[in-house]
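Colleague: Could you take me through the salt bridges in this one, slowly, and then whatever else seems worth a look? I'd like a close reading of the contacts rather than a general tour.

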Amino acid sequence: MAPGGDPVSGATLEAHVVVRREGFVLDAEISASAGEIVAVMGPSGAGKSTLVSVIAGLLAITEGRVHVAGEVVSSPRVQLAPQRRGVVLLGQDPHLFPHLSARDNVAFGVRVSAGEGRAAGRVERRSRAERALAEVGLSGIGHRRPAELSGGQQQRVALARALATEPRVLLLDEPFTALDPVTVADIRRTLAERVRAAGCTTVFVTHDVVDAVAVADRLVVLEAGRVSQQGAVREVLTAPATDFVAALAGVNRVAGRVEDGVWGAGVLRLRAAGVRDGDAVALIPIGAVRLESEGSGASEGEAAGAGAAEPVRAAGTATWTARVERIEATPAGARVYTASPPVVCELTVAQMLAAETAEGDAVRLSVDAADVRIVAS
């Protein structure tokens with residue numbers, strides 16, 4: 001429902017966006033059914049913000065078309081003004097008017113949505129704004145100005161104002177980036193509830209896979225200006241087609257080959273029952289990989305060959321030796337990257353101290369074969 005109690009119906013979105021710049025080309029297609037929430041993820045520089053800027057009307061298109069509710073709003077010959085396309089963009093900066101109270105910031109959105117000649121009276125606008133603020137958990141703060149609000153409260157006001165405009169399409173460009181994890185979790189719940197209640201078609205650019213899982217119906221992954229994978233969120237994350245998507249899903253995606261029912265990549269060998277001979281990838285959960293130190297004195301040859309002696313088993317544990325390429329700190333400990341084959345594992349602080357592992361060391365890795373899924377590529 002809209003802040004005033006009227007149902008809001010989202011519009012269909014169909015976009016083929018081509019933007020050419022020096023050294024970069026974005027060529028991506030994205031669609032959303034009315035009321036659908038689509039998450040967009042990708043590495044930095046993939047073109048995510050460019051995509052939503054084109055849909056919002058803030059950036060001209062080089063080729064392609066953007067349709068909102070069947071209407072062409074962007075093409076090489078058509079550039080409908082942002083305020084006329086029924087699309088609202090909410091980014092990292094809430095862009096609140098600093099001289100207006102929270103209530104009046106939202107009331108501005110109510111006034112915009114009313115349309116020329118149908119503007120609600122000032123009292124009605126402020127009343128609707130108060131209800132909108134209450135719906136995002138901000139009852140009683142309508143009189144405060146943005147400077148008197150926390151970052152999380154400002155984003156809630158911005159969300160209330162965005163929904164008050166009754167947009168046909170709502171675009172969210174990493175709106176939680178500047179907020180702390182506790183605040184993000186709270187606002188994420190509010191966002192999911194309010195957008196669902198409004199029936200608003202939404203494109204949600206995010207760097208956090210939790211946003212996609214908790215909020216979105218579908219996930220579109222952009223890499224190097226192209227859509228590398230898309231589909232229902234669970235389907236994409238359980239069958240990652242690229243290393244980036246695998247990292248999002250918390251799994252190692254190791255390319256190898258199946259021959260005579262055995263999959264191999266470097267010194268790692270696993271049974272591959274039911275998988276035809278040929279190229280295949282092993283999906284190994286990062287959390288399932290265990291690490292033990294082999295000591296820093298092992299030679300490159302020892303690191304490459306120690307795992308080869310391990311027998312291939314139909315069940316049980318696969319064990320191999322690899323060289324540590326780099327170690328990255330995480331909030332809970334460290335993430336260890338190894339080579340030949342490229343496999344990542346995570347260690348707690350206590351495990352890291354016990355292993356005494358450093359970059360360049362040889363380590364022994366193991367994983368339960370039952371935790372590994374092998375699929376033809």
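Modeller: Start with Arg156 and Asp186, which form a salt bridge whose closest N and O atoms are 2.5 Å apart. Arg156 sits in helix H4 (residues 151–164) and Asp186 in helix H5, so this contact links distant parts of the chain, 30 residues apart. The two ends are not equally covered: Arg156 counts as buried at 8% relative accessibility, while Asp186 is partly exposed at 33%. Keep in mind that this is a predicted model, and that all of this is computed from its atoms.

Stay on helix H5, because it has another pair to show: Arg188 in H5 and Asp211 in helix H6 (residues 209–215) tie together parts that are 23 residues apart in sequence. The closest N and O atoms of that salt bridge are 2.5 Å apart. Here Arg188 is buried, and Asp211 is too.

Further along H5 comes Arg194, which forms a salt bridge with Glu135 with the closest N and O atoms at 3.0 Å. H5 spans residues 181–198 and Glu135 belongs to helix H3 (residues 122–135), so the pair joins parts that are 59 residues apart in sequence. Arg194 is buried, at a relative accessible area of 12%, whereas Glu135 comes out as partly exposed at 31%. So on the H5 side we have Asp186 paired with Arg156, Arg188 paired with Asp211 and Arg194 paired with Glu135.

Those are just some of the contacts, since the structure holds 18 salt bridges. Among the others there's a small web to click through: Glu124, Arg128 and Glu166 are linked in a network of salt bridges. In general, side chains of opposite charge can pair when their charged atoms come close.

What about the cysteines? A search of the whole structure turns up zero disulfides. Cys200 is buried, with a relative accessible area of 0%, and Cys345 counts as buried too, at 1%.

Now swing over to the hairpin of strands E12 and E13. E12 (residues 262–265) pairs with E13 in the antiparallel sense, over four bridges. If you want a register mark, Gly264 stands opposite Arg269 in E13. Two residues lie between the strands, and Gly266 takes a positive phi near 60° in this hairpin. Strand E13 itself (residues 268–271) has alternating side chains: Leu268 and Leu270 point to one face and are buried, while Arg269 and Arg271 point to the other and are not. That fits the general pattern, in which the side chains of a regular strand alternate between the two faces of the sheet.

Last stop, the second largest pocket, with a volume of about 410 Å³. It's lined by 17 residues, and Val209, Ala247, Leu248, Arg335 and Glu346 are the ones nearest its centre. Helix H8 (243–249) and strand E16 (317–330) each supply at least two residues of that lining, with H8 giving the most, four residues. By class, the lining of this pocket has eight nonpolar, five polar and four charged residues.

Note on methods: Residues numbered from 1 in each chain as written. Predicted model: local features only at pLDDT ≥ 70, side-chain atom pairs only at ≥ 80, totals over all residues. Heavy atoms only, no water. Disulfide = S-S within 2.5 Å. Buried < 20%, exposed > 50% of the residue type's maximum accessible area, 1.4 Å probe, protein only. Salt bridge = Lys/Arg side-chain N within 4 Å of Asp/Glu carboxyl O. Pairing = 2+ DSSP bridges. 1 Å grid on protein atoms, 1.4 Å probe; cavity = no way out; pocket = protein on both sides within 12 Å on 5 of 7 lines; lining within 4 Å. Points joined across faces, edges and corners; volume = space filled by probe spheres on them. Nonpolar A, V, L, I, M, F, W, Y, C, P; charged D, E, K, R; others polar.
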